[in-house]
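Reader: Could you walk me through how to read a ligand site?
Author: Gladly; let's look at it together.

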Amino acid sequence: MTDHSDVLIIGGSIAGVRTAEGLRRLSFDGGITILEAGQDLPYDRPALSKQVLTAGADVESVMLRSPADLDKARIDLRRGCRASGLDVGARTVRLTDDTVIAYSDLVIATGAAPRELPFAPAGPGVHYLRTVQDAVRLRDAVGAPVRVVVVGAGFIGSEVAAAAASRAASVTVVEPFAFPLSRVLGDLVGKRLARLHESKGVQLLLGRSVSGIEDDGAGGKRVVLDDGTALSCDVVVVGIGATPNTDWLAGSGLHVADGVVCDEYCRADAPNVFAAGDVARWPNPLFTESMRIEHWTNAVEQAGIVAWNITHPDAPRAYAPVPYVWSDQYGTRLQIVGRPRADDEVRIVLDDPADDSMVALYLRDQGVVGAFGLNAPSRILALRRSLAARASLEEIMTAFDSTLV
Ligand SMILES: Cc1cc2nc3c(=O)[nH]c(=O)nc-3n(C[C@H](O)[C@H](O)[C@H](O)COP(=O)(O)OP(=O)(O)OC[C@H]3O[C@@H](n4cnc5c(N)ncnc54)[C@H](O)[C@@H]3O)c2cc1C
């Protein structure tokens, strides 16, 4: 027998749950079913590399919603249900146990999974960080004064390095670019981030990549670099990016290209199919650029637009956000808004050693396209509003200067 849900959401994390709640807020009265491959209630991934690793927060404290919250909103969350196929003609989704569920509207919110080093699958001594189980395993592994090698100095790698260092581990980070995050933020800001790591005793091996990870024969690991250096350690953590979870869409005919390809209304190229969160790619009209964003705020905001567009098919809203991400490392708050690129002109407009705050603007074609901040949350959020309003450099600087007096 084929089950039916008015709105069927695949993926029970932040994008899926916020879409369901958005529908209810917009007075949608039909059935909402969320299929989640994992066994857990929805939880907050950003807390995994922060509170869970550093403060040892218990797993319950990172849960996003309780069963009572979901019941109250009449959201039918089915855990342990993995979608394995989509038939856009019949408007059905097949699960791995061959159950088939029909939908009126489908939301793809299957997120992303860590990119793996081909020679280093997760296993004893080798960690990736995406799930609450990954976080608990890693927390236990870095609890003692162990030697940790982190592969990759992106957000996850940097947060793990900070958390492990705060727990007395000796930490080495290996990064192929010249500085942490310099691939996106350029060398000037990257250098500043390198200083932040080094000031906390974390060793950076920059411009190096990992060519192998071996057992050292004594219960530890040996991380071999491209120049032949071998690093002995107890724990390896790999943070080299993520790839969207789209395998289950193979054969569906849906356009997939590093994400589910949508239009500016977050509609995929089949009737009544939408995508939100880390898995969605769409042309952002504000930046005239095709984007796929792996950040929490995007998942929340895109879910809101998808809910609107499901309930208002005749008056859809384009999704035109200024991308935003935050990261907490060593007690310092990092924030990025907009679309900074390493080759942009970088203008430092605030650099205050008193509170270790800094703001850098990213300029391209005479306009401001992004900003980076250290310990400057209200200024960065104000800049986000300015970018959304397409403010000129002059307008931005006038508004910015007035916050300094
Ligand atoms: C450790 C960590 C720290 C982070 N820190 C920050 C931060 O500080 N700031 C920030 O902005 N962002 C941060 N992020 C990113 C942020 O958490 C993600 O952008 C956000 O979780 C994306 O939400 P999502 O719902 O799109 O996808 P996900 O959270 O990936 O959820 C997708 C869900 O779909 C399920 N699923 C996948 N395939 C199937 C299938 N075939 N059938 C059924 N279910 C399926 C998965 O089990 C998963 O629960 C962090 C991420 C991680 C991992």
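Reader: How do the residues of the shell around the ligand divide into nonpolar, polar and charged?
Author: First, some ground rules. This is a predicted model, where local features need pLDDT of at least 70 and side-chain atom pairs count only at pLDDT 80 or more, while totals for chains, interfaces and linings use all residues. Residues are numbered from 1 along each chain as its sequence is written, and side-chain values use heavy atoms, with hydrogens and water left out. Ala, Val, Leu, Ile, Met, Phe, Trp, Tyr, Cys and Pro count as nonpolar, Asp, Glu, Lys and Arg as charged, and the others, Gly among them, as polar. Here the shell has 17 nonpolar, eight polar and eight charged residues.

Reader: Which residues come nearest to the ligand?
Author: A residue is near a molecule if one of its heavy atoms lies within 4 Å of it. Among the 33 residues around this ligand, the nearest are Ser13, Glu36, Arg45, Lys50 and Arg130.

Reader: What polar contacts does the ligand make with Glu36 and Ala37?
Author: A polar contact is a pair of N or O atoms within 3.5 Å. A side-chain N or O atom of Glu36 is 2.6 Å from a ligand oxygen, and a polar backbone atom of Ala37 is 3.1 Å from a ligand nitrogen.

Reader: Why does the ligand lie between domain 1 and domain 2?
Author: Domain bounds come from an automatic or database domain assignment. Domain 1 (3–113 + 243–311) and domain 2 (116–238) both give residues to the shell, so the ligand lies between them.

Key
A polar contact is a pair of N or O atoms within 3.5 Å; within protein, one must be able to donate a hydrogen and the other to accept it, and residues adjacent in sequence count only if both atoms are side-chain atoms.
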